[in-house]
Amino acid sequence: MSVSDAVIISRLRAAGCVFAEEEARLLMSTARTPDELDAMVDRRVAGLPLEQVLGWAEFCGLRITVAPGVFVPRRRTEFLVRQAAAVARPGDVVVDLCCGAGAIGAALAAAVDRAEVHAADIDPAAVRCARRNLPGPRGHVYQGDLYEPLPGGLRGRVSVLVANVPYVPTGEIGFLPPEARAHEPRVALDGGADGLYVLRRVAAGAAEWLMPGGHLLIETSKRQAPSAQAAFVAGGLAARVASSADLDATVVIGRLPA
């Protein structure tokens, strides 16, 4: 280890970075010049999420472009991708709502042969990232609120609808890690009074877009799962809950009757 490496690790550790050695390795391998490395370390020490500093996040084995101010995909959401890929078939129409940087859509495009992937988000910065992570011709990204920007021709044709909606209750936003509170858009975190406001809207509209036998999958918390499942049923879907203890992940899976 060189003196400069040790200085970087020391600075990161002093800033509270638990995995300072690994972060230093990633920063040094990503920076193209010493000046760029210094600037990246400064941004990380100031509290920016590592992925926003690097400009990318690893997700399902892919390198997902992430810009400052954009929601960083979490590892637990890989469970949502696995559940969605398990019910998808080659050539399916897949929709990723609240897509953020487009990580879920990109992962499903890679996992499902010939999938036609459509993604939407209300945040312009997220949409710019998603368009880089989901290029054409099989990737399509729209800006707008939930279903509103989707082409009308998708109604009744969607086989797999996924949504990593914001599900943190408004009153609990203050308990999130500082990186999330200060550097990720609140619209990507705040799920309303009980954390299920956006989930209910997605569940209520899903039947209009799904094909018979199509699936809706949404990440939520274990605590919220019973209420989320009830919202799926209210939207006309048969619903079940899947969970992963390893990833601390919970997904509600709904199916529109054939």
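**Hairpin, sheet and packed helices**

Cys60 sits in the loop that links β1 to β2 (62–65); here helices (H or I, at least four residues) and strands (E, at least two) are DSSP runs, numbered from the N terminus. The model is a predicted one, so local features need a pLDDT of at least 70 and side-chain atom pairs count only at pLDDT 80 or more, while totals for chains, interfaces and linings use all residues. Residues are numbered from 1 along each chain as its sequence is written, and side-chain values use heavy atoms, with hydrogens and water left out.

Back to the hairpin. β1 and β2 run antiparallel and are joined by 4 bridges, where two strands pair if DSSP finds at least two bridges between them. One of the matched residues is Ala57, whose bridge partner in β2 is Ile64. The hairpin has 2 residues between its strands, and Cys60 takes a positive phi near 50° there. That is a positive value in a residue other than glycine. Cys60 counts as partly exposed because its relative accessible area is 31% (buried means under 20%, exposed over 50%, partly exposed in between, with a 1.4 Å probe and protein chains only). Arg114 isn't a glycine either, yet its phi is positive, at about 60°. This residue belongs to the loop between α6 and β4. Arg114 has a relative accessibility of 51%, so it counts as exposed.

Now for the sheet. What is the order of the strands in the open sheet of 7 strands? Reading across, the order is β5-β4-β3-β6-β7-β9-β8, and the pairing is mixed. The edges are taken by β5 (139–143) and β8 (238–244), each of which pairs on one side only. On average, neighbouring strands of this sheet are turned by 15° against each other, direction ignored (axes are lines fitted to C-alpha atoms, for helices over the stretch in contact, and angles run from 0 to 180 degrees between N-to-C directions).

Several of the strand pairs can be followed one by one. β3 (residues 93–97) and β4 (residues 116–121) are parallel partners over 5 bridges, with Val95 standing opposite His118 in β4. β6 and β7 also pair in the parallel sense, over 5 bridges, and Ala163 has Ile218 in β7 as its bridge partner. β7 and β9, on the other hand, run antiparallel and are joined by 6 bridges; in this pair, Thr220 is matched with Thr250 of β9. β7 is mostly covered, with 9 of its 11 residues buried.

Two helices pack on this sheet. Helix α9 (residues 197–209) touches β3, β6 (158–163) and β7 (210–220), contact meaning heavy atoms within 4.5 Å. The direction of α9 makes about 165° with that of β7. Helix α10 (residues 225–234) touches β7, β8 and β9 (249–255), and its direction makes about 15° with that of β9.

Zooming in on β6, is Ser159 buried or exposed? This residue of strand β6 is buried, because its relative accessible area is 6%. Leaving aside residues up to four places away in sequence, Ser159 touches Arg89, Asp92, Val93, Leu210, Met211, Gly214 and His215. Tyr142 is another story: Ser159 and Tyr142 are 17 residues apart in sequence, and their C-alpha atoms are 19 Å apart in space.

Two more helices show what their buried residues pack against. In helix α5 (residues 78–87), the buried residues are Glu78, Phe79, Leu80, Val81, Gln83 and Ala84. These buried residues of α5 pack against β1 (56–59), α6 (103–111), β6, β7, β8 and β9. In helix α7 (residues 124–133), Ala125, Ala126, Val127, Cys129, Ala130 and Asn133 are buried. Which elements do the buried residues of α7 pack against? Their partners are β2, α6, β4 and β5. So α6 turns up as a packing partner both for the buried residues of α5 and for those of α7.
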